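Here is a friendly walk through one protein fold, meant to be read with the structure open beside you. Which strands sit side by side, and what packs against them?

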Amino acid sequence: MYCILVTGIPAAGKSTLADYLAKQLFLPVFSKDHIKELLYDTVGFSSREEKVKLGIASMRIMYDAAEQLMKNGQPFILENNFENVSRKELLALLEKYACPAITITLTGDYHTVYERFIKRESSPARHRGHVVNDRYPERGPGHPVAPLSFESFLAGIRDRGMDRFVANGPHIVVDTTDFEALHLEDILAEIRRLIAAL
C-alpha cells in the first residue's frame, strides 16, 4: 500500500498533474478543491466564516476517504496544498496504517506562477466559490473581484507553508514555471520507480 500526495503553491498545476497520474496509474484521486466545489454548490455560504468551515469539512471528507482506502490497503492520490494546519491529521493517518506517501511538490518562480494564478481567478471556467468570499451562490451575475496582490499571494505561501510539506516517504520537487515544457512522462517514470522501491 502507498499513496501519492500532490501538493505545492496555488496555480502550479496540482490538479492537472494529479489527474494525469490517476489516469496513468489507475488510482482514485481526491482533491480538496473539488470537494469544496461540491459543497459550495450543495450547501453554499453567506460569509467568509461559513466558507472557511466548508474548507475544513472538505479536508475532513478527503481524509476520511483516504482512511477508508488505507484500511483496505488500496493506493490513492490526494491533491491539496497541505497547509500547516492540515498536516498533523494526515501524518497521523499515514502512521496509523503504515502507509508510505510519495510527496510531489509543485513550485516555481513565484512571479510567473502568480500571473497564472491571476489569469485563472478571472477565467469563466474557475468555480466562483473559490473566487468570492462573501456569498455563494451569488445573488446576480458574477461581479468583479479585486485580484489578490502579489504580496498577499506570497505571504499566503510562506505563512501557510504551501511548498514546505513532506510526508513520510520519497519527495519529488517539480518546477512548473513553464508548465507546458514539463515532461509528464518523466515524472510518471520516476514515480513508478519509487513505487517499485517501497
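Phe30 stands opposite Leu78 in S3. That pair belongs to the junction of S2 and S3, two strands that run parallel and are joined by three bridges. Please keep in mind that this is a predicted model.

Leu78 also has Leu5 standing opposite, and S1 pairs with S3 in the parallel sense over four bridges. Within S3, Phe76 and Leu78 point one way while Ile77 and Glu79 point the other way, and all are buried.

Now for the whole sheet. Five strands make an open sheet with parallel pairing, in the order S2-S3-S1-S4-S5. Strand S2 (29–31) and S5 are the edge strands, each pairing on one side only. On average, neighbouring strands of the sheet are turned by 20° against each other, direction ignored. Helix H2 (residues 32–42) packs on this sheet and touches S2 and strand S3 (76–79), with a direction that makes about 60° with that of S2. As background, strands of a sheet pair through backbone hydrogen bonds, either parallel or antiparallel.

The junctions described by bridge count are these:

| Strands | Sense | Bridges |
|---|---|---|
| S2 and S3 | parallel | three |
| S1 and S3 | parallel | four |
| S4 and S5 | parallel | five |

In the S4 and S5 junction, the bridge partner of Ile104 is Ile172 in S5. Ile104 turns up again in the largest nonpolar core, which has 31 residues; Ile104 is among those with the most contacts inside it, along with Ile4, Val6, Leu17, Leu21, Ile77 and Ile191. Elements giving two or more residues to this core include strand S1 (3–8), helix H1 (14–25), strand S4 (101–107) and helix H8 (184–197). A second, separate core of 26 residues includes Leu39, Tyr40, Leu54 and Ala167.

Ile4 is a good residue to click on. Leaving aside residues up to four places away in sequence, Ile4 touches Leu21, Leu25, Leu27, Phe76, Ile77, Leu78, Ile102, Ile104, Ile191 and Ile195.

Two of those partners, Ile191 and Ile195, bring us to H8. This helix has 14 residues and reaches 20 Å from its first C-alpha to its last, close to the 20 Å expected at 1.5 Å a residue. Which residues of H8 are buried? They are Leu184, Ile187, Leu188, Ile191 and Leu194. Seen down the helix axis, the buried residues of H8 fall within an arc of 125°, so they line one face of the helix. What covers them includes S1, H1, S4 and S5. The face of H8 turned away from the buried side carries the exposed residues Ala196 and Ala197.

A few individual spots deserve a look. Glu121 lies in helix H5. Is this residue buried or exposed? Glu121 has a relative accessible area of 18%, under the 20% limit, and therefore counts as buried. Apart from residues up to four places away in sequence, Glu121 touches Arg126, His130 and Val131.

The backbone has its own surprises. Most residues other than glycine have a negative phi, and most peptide bonds are trans. Phe26, not a glycine, has a positive phi of about 60°; Phe26 lies in the loop between H1 and S2 and is exposed, at 74% relative accessible area. Ala98, likewise not a glycine, has a positive phi of about 50°. Ala98 lies in the loop between helix H4 (87–96) and S4 and counts as exposed at 62% relative accessibility. Finally, a cis peptide bond joins Tyr136 and Pro137, with omega about 0°, and Pro137 is found in the loop between helix H6 (128–131) and H7.

Technical notes: Residues are numbered from 1 along each chain as its sequence is written. This is a predicted model: local features need pLDDT of at least 70, side-chain atom pairs count only at pLDDT 80 or more; totals for chains, interfaces and linings use all residues. Side-chain values use heavy atoms; hydrogens and water are left out. A nonpolar core is a set of buried Ala, Val, Leu, Ile, Met, Phe, Trp, Tyr and Cys residues joined through side-chain atoms within 4.5 Å. Buried means under 20% relative accessible area, exposed over 50%, partly exposed in between (1.4 Å probe, protein chains only). Contact means heavy atoms within 4.5 Å. The expected span of a helix is 1.5 Å times one less than its number of residues. The arc is that of the directions from the helix axis to the C-beta atoms. Two strands pair if DSSP finds at least two bridges between them. Axes are lines fitted to C-alpha atoms, for helices over the stretch in contact, and angles run from 0 to 180 degrees between N-to-C directions.
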